[in-house]
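Colleague: Could you take a close look at one part of this model for me, the nonpolar surface and what goes on around it? Feel free to wander outward from there.

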Amino acid sequence: MKKALVIFLALALVGSVFAAEPAAEVKVAEFKGDASLTFGIDLDAKETGFKNETSVTLKLNLLNGGDKSTTGDGIWGELVIKTDDDTDNFIKITKDDPVQIPMKVKVDKAQINFGPVYMGILSGDFNYGGNFWFPNALNWKDGDDRYNRNPAAKLGYDQGFVLGYKHKEDKFKVEASVRSKPTDKVAASTVRTDAPIGGVSAKGTKYYTIVFGQEVEAVGDGTKTVGQLFTPPLAATAVAYTKTEVPEVPANYWTSKYAMGVYGEVKPIKDLRIGVGAAYVLGDLSAKDTLSKDINNADNKQDISMFAGVDYLFDINDSFRIQPTLAYTLYSDYVWTSEKDGAYANALKTNKLGAGLRFGFRKAKSKDDNSLLQGFFEKEMVYNNEEKKDKTLLPGVSVYSEFDFNEGAMKKNLPLLVTFYPGELVKGLNAAAFAHFNLGPKASEYDTTTYGQLGFDTIIGGKGLQIGAAASYDVMVKDVTIVPALGMLFTHGKVVDVADKENTKTADQFRLEAKVDVKGLVDNTTFTLAWDKGSFGSYKVKAGGTSSTTAQNKKGEVTLKAKIAF
């Protein structure tokens, strides 16, 4: 009976009739290659050299994008299996990685429908708000998602079900979920234990040592020392050891550890969405103690995670639109705190509001698959779209800030990010710019120990103030296209010893990158002259009433590249 209850939900969807599915269609989706020769000059090391590169890619499409799903009416099991579009459903063959199969096939939906009520049975954590994206004109992120979205914290409880109701016109939905926490699988391993060279060996025990880089094995006889088992005998300074094989521990899903959550979403008017969700961890219901007296509460028992968000897209007229997004998250970490007389207390681990606003240009054209700032300064693209197929930038001006309401947090960290992308307002001209500030009044203050460890590179890496811009322009001369591009990035940082605020370190850096592409001069060939990794900077240190300034300049690299491609 217990087994029947366990597998009931897994079998609930079996037996339904599938609708039309993706059709197989094998064809060449992409076949391209290139070869290039680059001559480079390292202006700092005063060294030169050549670099040869080749690349070949063959993509064989396997099937057309689509999905396969069950059909039904009233009370029925709904299962949707999706494949991505043609560009993802392929076998990829390259020069360096002979065969790759990045085909993406996933179960997109699995639920039992009772009219507008549904019961979903896919795994998933309580990270509510993951699909509320802050508008970003340049569609890039800097290291993590903090400037892109602000979802509720994951709790580690991802097995279970969702019971919900969705309005037939998608005006609102509400759902409650109950989930459990499995223990992860522990892979098999080998534990190595050192054995004393002069100790008597245990009969039948295998001992090992390394000789000329090779592992040598000997079996103990109960009379010889460990060192004497080997030929020649091991010196007293040698290392011998035994090995113990630890078997794999499989994942365990039946742990009696539970959490529950509720989420609601409403769309009162067109393009306005409001979402609110909360989750509470019940923990191990079979445990005798209500909580473990351990500040590292692995089960997160009695923790609370919350999310509230709103986003809106409003077209002012045919030329302009505004797009505001707000996302608030709270995570209360319920832990044992000896500081409060051995009591349990809620520690607000997360208590912050993210706010973004884009003033968009509706008529501006966007350049696909490219961010000038990404190309110049290694920014990673992020697309505000779950499918990640919308690879265009968002013409306009975007502003983002984050407000951390934990005590003292905003004094240390109060970011402001402004991004600007005008679109292709003039034919052939593309430009982009951004500015990042930390407005926290105590952002530069550090304790004496930390202050002493900070140098020029770490201060610049902190990106206290950063302003970047890049532009390119396509110049047509008959059949030849010349594309000059220039990028700049200014970074300023300052740190203060909180114990003596007269002690300061100030770092400034101005990076420049420039290149010129020439296309069409020779068929199938692009010539590129570039200068990058160049920077001009200064590092000023004030200590004990005196100050010193050192230059931090890098001449960078100049390269001339010829690339043949088809």
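Modeller: I'll start at the surface patch, then go through the core, the odd backbone spots and the charged pairs.

Some ground rules before we look. This is a predicted model, with local features kept at pLDDT of at least 70, side-chain atom pairs at pLDDT 80 or more, and totals for chains, interfaces and linings taken over all residues. Residues are numbered from 1 along each chain as its sequence is written, and side-chain values use heavy atoms, leaving out hydrogens and water.

Now the patch. Together, Ile75, Phe114, Val117, Leu163, Tyr165, Phe172, Val174, Val262, Val266, Ile274 and Val276 make up a nonpolar patch with about 870 Å² of accessible area. To get into a patch, a residue needs over 30% relative accessible area and no salt bridge; nonpolar side chains (Val, Leu, Ile, Met, Phe, Trp, Tyr) are joined within 5 Å, and like charges within 9 Å. The areas come from Shrake-Rupley with a 1.4 Å probe, and for residues only the protein chains shown count as cover. At least two patch residues come from each of strand 9 (159-166), strand 10 (172-180), strand 15 (257-266) and strand 16 (272-284). Strands and helices here are DSSP runs numbered from the N terminus: E with at least two residues for strands, H or I with at least four for helices. Take valine 276, which sits in strand 16: at 48% relative accessibility, it counts as partly exposed. The scale is buried under 20% relative accessible area, exposed over 50%, and partly exposed in between (1.4 Å probe, protein chains only).

Strands 15 and 16 turn up again inside. In the largest nonpolar core, 25 residues in total, Phe126, Leu155 and Phe307 touch the most other members. Two or more core residues come from each of strand 15, strand 16, strand 19 (320-337), strand 23 (415-421) and strand 24 (429-438). A core here is a set of buried Ala, Val, Leu, Ile, Met, Phe, Trp, Tyr and Cys residues joined through side-chain atoms within 4.5 Å. Beyond its neighbours within four places in sequence, leucine 155 is in contact with Asp125, Phe126, Ala279, Val281, Asn300, Ser305 and Tyr331, contact being heavy atoms within 4.5 Å. There's also a second, separate core of nine residues, Ile197, Tyr207, Phe230 and Ala240 among them.

Strand 24 also holds histidine 436, which counts as buried at 10% relative accessibility. Its side chain makes a polar contact with the side chain of tyrosine 147 at 2.7 Å. That term covers N or O atoms within 3.5 Å; within protein, one must be able to donate a hydrogen and the other to accept it, and residues adjacent in sequence count only if both atoms are side-chain atoms. Leaving aside neighbours within four places in sequence, the contacts of histidine 436 include Pro415, Leu416, Lys463 and Gln466.

On to the backbone. Most residues other than glycine have a negative phi, and most peptide bonds are trans. Serine 256, in the loop between strand 14 and strand 15, has a positive phi near 60° and is partly exposed at 30%. Lysine 533, in strand 30 (residues 525-543), also has a positive phi, about 60°. Then there's a cis peptide bond between threonine 231 and proline 232, with omega about -5°; that proline is in the loop between strand 13 (214-219) and strand 14 (240-246).

Finally, the charges. The structure holds 15 salt bridges, each a side-chain nitrogen of Lys or Arg within 4 Å of a carboxyl oxygen of Asp or Glu. One of them pairs glutamate 402 with lysine 352 (3.8 Å, N to O). It links distant parts of the chain, strand 22 (residues 396-404) for glutamate 402 and strand 20 (residues 343-361) for lysine 352, 50 residues apart. Glutamate 402 counts as buried, at 7%. Lysine 533 comes back here too, in a salt bridge with glutamate 557 whose closest N and O atoms are 3.9 Å apart. With glutamate 557 in strand 32 (residues 557-565) and lysine 533 in strand 30, the pair ties together parts that are 24 residues apart in sequence. Lysine 533 is exposed at 52%, whereas glutamate 557 is partly exposed at 25%. Last one: Lys166, Asp170 and Lys267 are joined into one network by salt bridges that share partners.
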